[in-house]
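Student: I am new to this structure. Can you show me how to read its features, one at a time?

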Amino acid sequence: MQNHPALAPGRAAVVTGAASGIGLAAAARFASLGMTVCLADVNAEALGAAAETVRKASRKPQDVVTVTADVSRLEEVERLKDIAYRTFGEVALLMNNAGTEGGGALFGNSERWRQILGVNLWGVVHGIQVFAPAMIAQGTPAAIVTTGSKQGITCPPGDTAYNTSKAGVKVVTEALAHELRNTDGCQVTAHLLIPGFTYTGLTRARRVAEKPAGAWTADQVVDVLLPALAAGDFYILCPDNDVTREMDNRRIQWAAEDIIRNRPPLSRWHPDYKEAFAAFMAADQPPKP
């Protein structure tokens with residue numbers, strides 16, 4: 001398999017939220033390809049342990065550096081960028097992966113809302129605004145990956161703050177892709193990683209001690225990410241052990257058609273549409289492309 005041209009030996013990757021989960025798995029994979037890697041995370045202790053894991057995967061352990069950073073703070077993302085460019089001279093791949101778990105009900109605690117939006121959405125905005133201009137100016141193949149969520153597309157009720165943050169991530173990353181492809185001479189591509197149910201540090205934080213049977217590992221998500229980057233895919237939608245790609249397609253189509261068909265919002269969870277949704281999911285014909 002040919003990788004995205006940004007994923008080449010000697011080139012530099014910056015991964016936020018790199019102390020665990022998908023970020024750690026991706027950083028280790030980039031290092032195994034011969035890339036130099038900058039791991040960023042707000043948890044300094046976990047970041048140190050993660051760096052040791054990535055160094056074991058690297059051909060040059062000295063090419064793995066760490067930066068403690070809170071991506072919700074613009075000045076800390078600017079410091080991260082300065083360190084990365086000072087250390088590596090360029091950034092071939094930025095993975096905006098840092099995230100915090102949900103817990104923001106619609107009428108819930110406003111401070112929790114600010115925390116979720118600050119990390120999940122503003123962290124991505126900061127990463128794009130701080131890194132993208134410099135990456136474009138390099139004039140070399142590069143990629144920006146942001147980690148979204150299916151909850152930002154289908155918006156299941158109950159965790160509105162998290163859904164809002166990830167819906168914003170989708171919108172921002174789509175806008176980035178548009179900007180990049182309309183910038184003369186730009187060699188930077190944008191990609192939205194949309195994991196399925198994945199066993200990560202956030203899962204463990206909810207006291208799930210063992211990986212649920214339905215969940216993928218973070219390495220399985222990275223296994224999907226790399227060939228999708230190579231293919232130039234923007235939407236990198238991952239299944240899991242419980243949900244197939246066809247099931248995702250149908251759920252996403254149903255959500256979009258709430259507007260087209262003038263159904264109540266979130267009709268998938270509306271009792272009047274329970275039978276219609278079940279029939280739609282069970283239909284023999286695949287959803288329209």
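Student: What sign does phi take at Gly89, just after H3?
Tutor: Look at the residue that follows the helix. This is a predicted model, and in it Gly89 has a positive phi of about 85 degrees. Gly139, which follows H4, also has a positive phi, near 70 degrees.

Student: How many residues does H3 have, and how far does H3 reach?
Tutor: Compare the end-to-end reach with the expected span. H3 has 15 residues. From first C-alpha to last, H3 reaches 21 Å, close to the 21 Å expected at 1.5 Å a residue.

Student: Which residues of H3 are buried?
Tutor: Check relative accessibility; under 20% counts as buried. In H3 these residues are Glu76, Val77, Leu80, Ile83, Ala84, Tyr85 and Phe88. They pack against S1, S2, strand S3 (64-68) and H4.

Student: Now H4. What reach does H4 have, and what is expected?
Tutor: Use the same reading as before. H4 has 29 residues and spans 40 Å between its first and last C-alpha, close to the expected 42 Å.

Student: Where is the kink in H4 centred?
Tutor: Follow the helix axis and look for a bend. The kink in H4 is centred on Trp122 and is about 40 degrees.

Student: Which residue caps the N-terminal end of H4?
Tutor: Look for a side chain that meets the backbone there. Asn109 is the cap. One of its side-chain oxygens lies 2.8 Å from the backbone nitrogen of Glu111.

Student: Which residues touch the most other members of the largest nonpolar core?
Tutor: Pick out the core, then look at who touches whom. This core has 39 residues, and Val14, Phe131 and Met135 touch the most other members. Elements giving two or more residues include strand S1 (12-16), helix H3 (74-88) and helix H4 (110-138). H4 gives the most, with ten residues.

Student: What is Val14 in contact with, leaving aside neighbours within four places in sequence?
Tutor: Set the sequence neighbours aside, then list the rest. Val14 is in contact with Cys38, Leu80, Ala84, Val91, Leu93, Leu94, Met95 and Phe131. There is also a second, separate core of 37 residues, with Ala18, Leu39, Val221 and Cys238 among them.

Student: One last case. Is Thr173 buried or exposed?
Tutor: Go back to accessibility. Thr173 lies in helix H6. Thr173 counts as buried because its relative accessibility is 0%. Not counting residues up to four places away in sequence, Thr173 touches Thr146, Ala190, His191, Leu192 and Phe234.

Methods:
Residues numbered from 1 in each chain as written. Predicted model: local features only at pLDDT ≥ 70, side-chain atom pairs only at ≥ 80, totals over all residues. Heavy atoms only, no water. Core = buried A, V, L, I, M, F, W, Y, C linked by side-chain atoms within 4.5 Å. Buried < 20%, exposed > 50% of the residue type's maximum accessible area, 1.4 Å probe, protein only. Helix = DSSP H or I, 4+ residues; strand = E, 2+ residues; numbered from the N terminus. Contact = heavy atoms within 4.5 Å. Expected span 1.5 Å × (residues − 1). Bend = angle between axes of the 7 residues up to and from the residue. Polar contact = N/O pair within 3.5 Å; in protein donor to acceptor, adjacent residues only side chain to side chain.
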